[in-house]
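Hi,

Here is the structure I promised to pass on. Have a look at it first, and then read on for what turned up in it.

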Amino acid sequence: TRCAWLGEGVGGGAKTPRGGGWSPPRRTEQQARLSARERADNVKDAFIADPAVNAKQIALGDDVLTTGATLAACAVALRDAGAANVIALTLARAQT
């Protein structure tokens, strides 16, 4: 995917694993036709991060930021699992 490609480029020099770290998310609806509020509700509590992120610095990547709902939900799951710091990187922001 584009995100995997982005992660390889950004994290190529990192000495820590990239990707993974998630339990299978609960099933969510396709986000494309949802409002910002519906997107946030759709992904709320959808992700469970691996406890191995405890005390780690985490960078999330996405190709296009629309409302930020998915990145926010992922960040909450990572912080709940003990991540010390979570940042988000995107290539573009959609005009909404």
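Let's start with one spot in this predicted model: Asp-50, which you'll find in the loop between E2 and E3. Is Asp-50 buried, exposed or partly exposed? Its relative accessible area is 34%, and since buried would need under 20% and exposed over 50%, Asp-50 counts as partly exposed. Ser-23 sits 27 residues away from Asp-50 in sequence, yet their C-alpha atoms are 6.7 Å apart in space.

Now for the overall layout. The chain has three helices and four strands, and reading from the N terminus the order of elements is α-β-α-β-β-α-β. Of its 96 residues, 26% count as buried. If you take the contacts with a separation of 6 or more, 71% of them are between residues 24 or more positions apart. As for the outside, the accessible surface comes to about 6,900 Å², and carbon and sulfur atoms account for 53% of that.

The part I'd look at next is the stretch from E3 to E4. Strand E3 (residues 57-65) and strand E4 (residues 85-93) run parallel, joined by eight bridges. To find the pairing on screen, look for Gln-57 opposite Asn-85 in E4, and for Leu-65 opposite Arg-93 in E4. Between those strands in the chain comes helix H3 (residues 69-80), and together E3, H3 and E4 form a β-α-β unit that is right-handed.

How far apart are the end C-alpha atoms of H3? They are 16 Å apart, and this agrees with expectation because twelve residues at 1.5 Å a residue should span 16 Å.

H3 also has a buried set of residues: Ala-69, Leu-71, Ala-73, Cys-74, Ala-77 and Leu-78. Several of these positions are three or four apart, and there's a general reason to look for that: an α-helix has 3.6 residues a turn, so residues three or four places apart point the same way. The cover over the buried residues of H3 includes strand E1 (22-23), helix H2 (36-43), strand E2 (48-49), E3 and E4.

That brings us to the core. Nonpolar side chains tend to be buried together in soluble globular proteins. Here the largest nonpolar core has 17 residues, and the ones touching the most other members are Phe-47, Val-53 and Leu-78. E3 and H3 each put in at least two residues, with H3 giving the largest share, six residues. Phe-47 is worth clicking on: not counting residues up to four places away in sequence, Phe-47 touches Trp-22, Pro-25, Thr-70, Ala-73, Cys-74 and Ala-77.

Last stop, the loop between H3 and E4. Just after H3, Gly-82 takes a positive phi of about 105 degrees. Ala-83 lies in this loop too. Is Ala-83 buried or exposed? With a relative accessible area of 4%, Ala-83 is buried, because the cut-off is under 20%. Which residues does Ala-83 contact, leaving aside neighbours within four places in sequence? They are Val-53, Asn-54, Ala-55, Lys-56, Ile-58 and Leu-78. Ala-49 is 34 residues from Ala-83 along the chain, and their C-alpha atoms are separated by 9.3 Å.

Cheers

Definitions and conventions. Residues numbered from 1 in each chain as written. Predicted model: local features only at pLDDT ≥ 70, side-chain atom pairs only at ≥ 80, totals over all residues. Heavy atoms only, no water. Pairing = 2+ DSSP bridges. Right-handed = clockwise from strand over helix to strand, strands pointing away. Expected span 1.5 Å × (residues − 1). Buried < 20%, exposed > 50% of the residue type's maximum accessible area, 1.4 Å probe, protein only. Contact = heavy atoms within 4.5 Å. Core = buried A, V, L, I, M, F, W, Y, C linked by side-chain atoms within 4.5 Å. Areas by Shrake-Rupley, 256 points an atom, 1.4 Å probe, with all protein chains shown as cover.
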